[in-house]
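User: I would like to learn how to read a few features of a protein model. Please take them one by one.

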Amino acid sequence: MREDIKSFITKVKKPGRYTGGEPGSIYKNKEDVALRVAFCFPDTYEIGMSNLGMRILTGVLNEMDKVWCERVFAPWTDMEEEMRKHSVPLFAHESGDNVRDFDIVAFTLQYELCYTTALNMLSLAGIPLRSEDRGEEYPVILAGGPCAYNPEPMADFVDIFSIGEGEEALPELAQLYIDMKEKGTYNKKDFLRAASHIEGFYVPSLYSISYNEDGTLSAIEPRFEDVPKTVRKRIVKDVDKAFVPTNPVLPVIETVHDRITLEVFRGCIRGCRFCQAGFVTRPVREKTPDTLAAQAREIADNSGYDEISMCCLSISDYSKVNTFTDKLLEWTDDERINLSLPSLRADSFTKELMQKISTVRSSTLTFAPEAGSQRLRDVINKNVTETDILRAAGVAFGAGKNQVKLYFMNGLPYETDEDVAGIAHLAKNVIEEYYRTPGANRKRQPQATLSVACFIPKPFTPFQWERQNTAEELEAKQKLLLSSLTDRKIKCNYHDAKVSRLEAVFARGNRKLGAALEEAVRRGMTFDAWEEIFDYDKWMDVFRATGIDPAFFANREMADEEVLPWDMIDCGVSKEFLIRERHKAREAATTPSCKEKCSGCGANCLVDAKLCRWCPGHEESEVEYLGQDIKPSDFRTENDDSKRDGRGAGAAKNPSKKPVRAVKFRFRETGALTYVSHLDINRAVMRGLVKSKLPLYYTEGFNPIPKLTFASPLSVGCGGENELARFKIVEEVSDEYIFNRLKESMPDGIEVLEVYSSDSNFKSIAWAENEIDFKCTVPENAKEELEKLFVGPVVVLKKTKSSEKEVDISPYFKDISFEETRDGMKIKVFTCADNTNYLNPEYIAGVALKVLSEGDTGYHTITRKQFYTADGKVFR
């Protein structure tokens, strides 16, 4: 951890975001590498560490001997304020080095509202925003991700865009940089020119953009003959051979998706006309069940995660889903690992699949009808009926579920008020399906939770030409929907229409938006995707100040023949196909899935081989697709052997054995883990227990987990030399065996010191010995002043969850002593450590600061040394 953040790291929320040191982190000798890459995620650590793409691409680059790729995340506003106050630039997670000192700074642009955050990160790093202002002394700025399919809003700031899949493309770009450096031919101008010759890389500075008088684009032309007129996206042909991070970096704080994310296949056989991901990820390429099962097992063994999430656009469209899930269930049930699925296609969800995902833990199922009427579902080419949706809900209810989530959109092209009201009608019918389903769990009322997003026209979709409803129109539709919902068993969440409008502006924007982005960053705007920070009025002020009409980009219908800002990008799906689909939508005419009939989208022409399994000429024809052949008996059965007993999901199939004894282990907590919350420590130790493969006793109920208890929680910023925890085992094994397994499986920062059995209860702990070490300038006579300060009543402002009040803490500490050191002051003190009168030693440090002054660079550390009983004995 950087020394210059220690003085303020405990003042910010979640300091564990910034400490680094997670298990699985990659460290290399700087002298051995020729290229250093800072891979930036323009959002918080918790979101960035949940992104599979970032894990894959950093891993791919670190597979290269001469490349060291480090992670960088956007500091939250409180951390940024402290960093700017103390002149600390943006730094990399592994080395702590300044991002400005790297060779390439790469950003993954996952959503349009991260643009200001990305640019703010450049500002915090001390890197000029505009490409034209960056000379040879600054790193090359690279960007990729879904938003790179329309790179133009960020074109003034990014040197190179990576279009498509990066596992093979990024190493080629890295090797080009290394070769030019080693040959002595490198300069930024020549490197960018050479990069444009590699398939999948778009260099904005090498293209001229011209406009018509009405503001639309006239032409996009390369400035040199050797620069390609169109940039074709990159794809990985054989996804079985694609890199997978099987020894992942394990976050020290809870992330949004704190689990194994297993990519099953790429592409989509459907053709939902609003869905960018469904088109730009074509052609469909599947991993084999054997590959997936092996990868899942290896990641589980290396991580200790207890959940596997299937990552794909529609898991039930995986042609070998039965074989795959069977292979997983050969071991996941026994190891208490849950299988979770993304939102499901209602027309291909079966009782069999329901049973497979409900063996360990209970979770809510999600379906995506998208529209409230059949006409509008046909307009968007959803190809599901209300019958399909009710059948899927019946499967869930018949298996004991009483909650389902339903995803919808409003503001879709050709939507009417009747379509909006149809959302409420469909939700009501789902609730009624619960009461029609035999075997449904009647102990609790059913609930349908609606999540309603606003339609955003996206590049490379048939709806890319359509207008978005104005914010006022979207808000009126949201009010109409809410007024149509009369059943309390239906809850409705909806997206902010003004946020969605801004997304649409940048989704279809051109280079002129660069001025608005630059001005927004100058005004301190960042984290626009966060509702507590997003300010629509400020954005309207920015647009006015830069002479931009947001309606031109968001609310204007475009003609088929208009030159689009992204027309220099070839995503594989032809523009002619998208136009045909646009016109079919006007007639509410559907297009069958790729499985039923190839519609000639053009994606298979990206490569010589026929990759898409449903395109003409593909060798493999046998599939296990869970398709349309569904009988009512598949959904409702009176005597269903998949019903679980009252202990929760999986309890009947995988009951917990009775514990044979409790095991205590003593450990030292140091490093990055001292800056995370007790709940995060609990998760880290829990993963270590699961990795150990010990015969653990699990709790019973809906979410079985190992039974783990700590003696006393450590406060954020405090380390511990003799911490204690306890768990139970269901089979007898020796303490020596347990010790060795725990030593191997616990994360860095948890050093196992001893394993033993004892009947003593943690409730017997009364006191904790603490050492507070101040690194600061010590005033004259400080020791005497401190001794006086801690005699008699010591009143502090003590915070609770709901209030603050003044409390005399003198009854809650004893035996305090002070020792002046070479670089500060050391305080030793015993504080109450029982559950009733626990005193955080940080209060002692706070009182001491009335005498000591840490200034801008000083700081203190707190270490808990030992636990004691009320009679003064060391607790065992």
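Analyst: The turns below cover helix packing, charged pairs, backbone details and enclosed space. This is a predicted model, in which local features need pLDDT of at least 70 and side-chain atom pairs count only at pLDDT 80 or more, while totals for chains, interfaces and linings use all residues. Residues are numbered from 1 along each chain as its sequence is written, and side-chain values use heavy atoms, with hydrogens and water left out.

User: How are two packed helices described, and at what angle do α5 and α6 pack?

Analyst: Two packed helices are described by the angle between their axes and the distance between the axes. Helices (H or I, at least four residues) and strands (E, at least two) are DSSP runs, numbered from the N terminus. Axes are lines fitted to C-alpha atoms, for helices over the stretch in contact, and angles run from 0 to 180 degrees between N-to-C directions. Here α5 (residues 169-183) and α6 (residues 188-195) pack at about 145°, their axes 11 Å apart. Their crossing is right-handed; that is, the near helix is turned clockwise from the far one by less than a right angle, and anticlockwise would be left-handed. Contact (heavy atoms within 4.5 Å) is made by Leu173, Leu176, Tyr177 and Met180 of α5 with Asp190, Phe191, Ala194 and Ala195 of α6. By class, these are seven nonpolar, no polar and one charged. Ala, Val, Leu, Ile, Met, Phe, Trp, Tyr, Cys and Pro count as nonpolar, Asp, Glu, Lys and Arg as charged, and the others, Gly among them, as polar.

User: Which residues of α15 meet α17?

Analyst: They are Lys498, Arg501, Leu502, Val505 and Phe506, which meet Tyr536, Trp539, Met540 and Phe543 in α17. The axes of α15 (residues 497-507) and α17 (residues 536-545) come within 10 Å and cross at roughly 35°, in a left-handed crossing. Seven nonpolar, no polar and two charged residues make up this contact.

User: How many salt bridges are found in the whole structure?

Analyst: Side chains of opposite charge can pair when their charged atoms come close. The search finds 63 salt bridges, each a side-chain nitrogen of Lys or Arg within 4 Å of a carboxyl oxygen of Asp or Glu. One of them joins Lys14 and Glu46 at 3.0 Å, N to O. This pair links distant parts of the chain, 32 residues apart: Lys14 is in the segment before β1 (35-41) and Glu46 is in α1 (residues 45-48).

User: What is the value of phi at Lys14, and which residues does a cis peptide bond join?

Analyst: Most residues other than glycine have a negative phi, and most peptide bonds are trans. Lys14 has a positive phi, near 50°. The cis bond joins Arg282 and Pro283, with omega about 0°; Pro283 is in the loop between α7 (276-280) and β12 (285-286).

User: How many cavities does the count come to, and what lines the largest?

Analyst: On a 1 Å grid over the protein atoms alone, a cavity is a set of points where a 1.4 Å probe fits but cannot get out, and lining residues have an atom within 4 Å of a point. Grid points are joined across faces, edges and corners, and a volume is the space filled by probe spheres set on the points. There are 13 cavities of 30 Å³ or more, and the largest holds about 210 Å³. Its lining has 22 residues, with Leu52, Arg55, Pro245, Thr261 and Ile299 nearest the centre. Strand β10 gives the largest share, four residues.

How values were computed:
1 Å grid on protein atoms, 1.4 Å probe; cavity = no way out; pocket = protein on both sides within 12 Å on 5 of 7 lines; lining within 4 Å.
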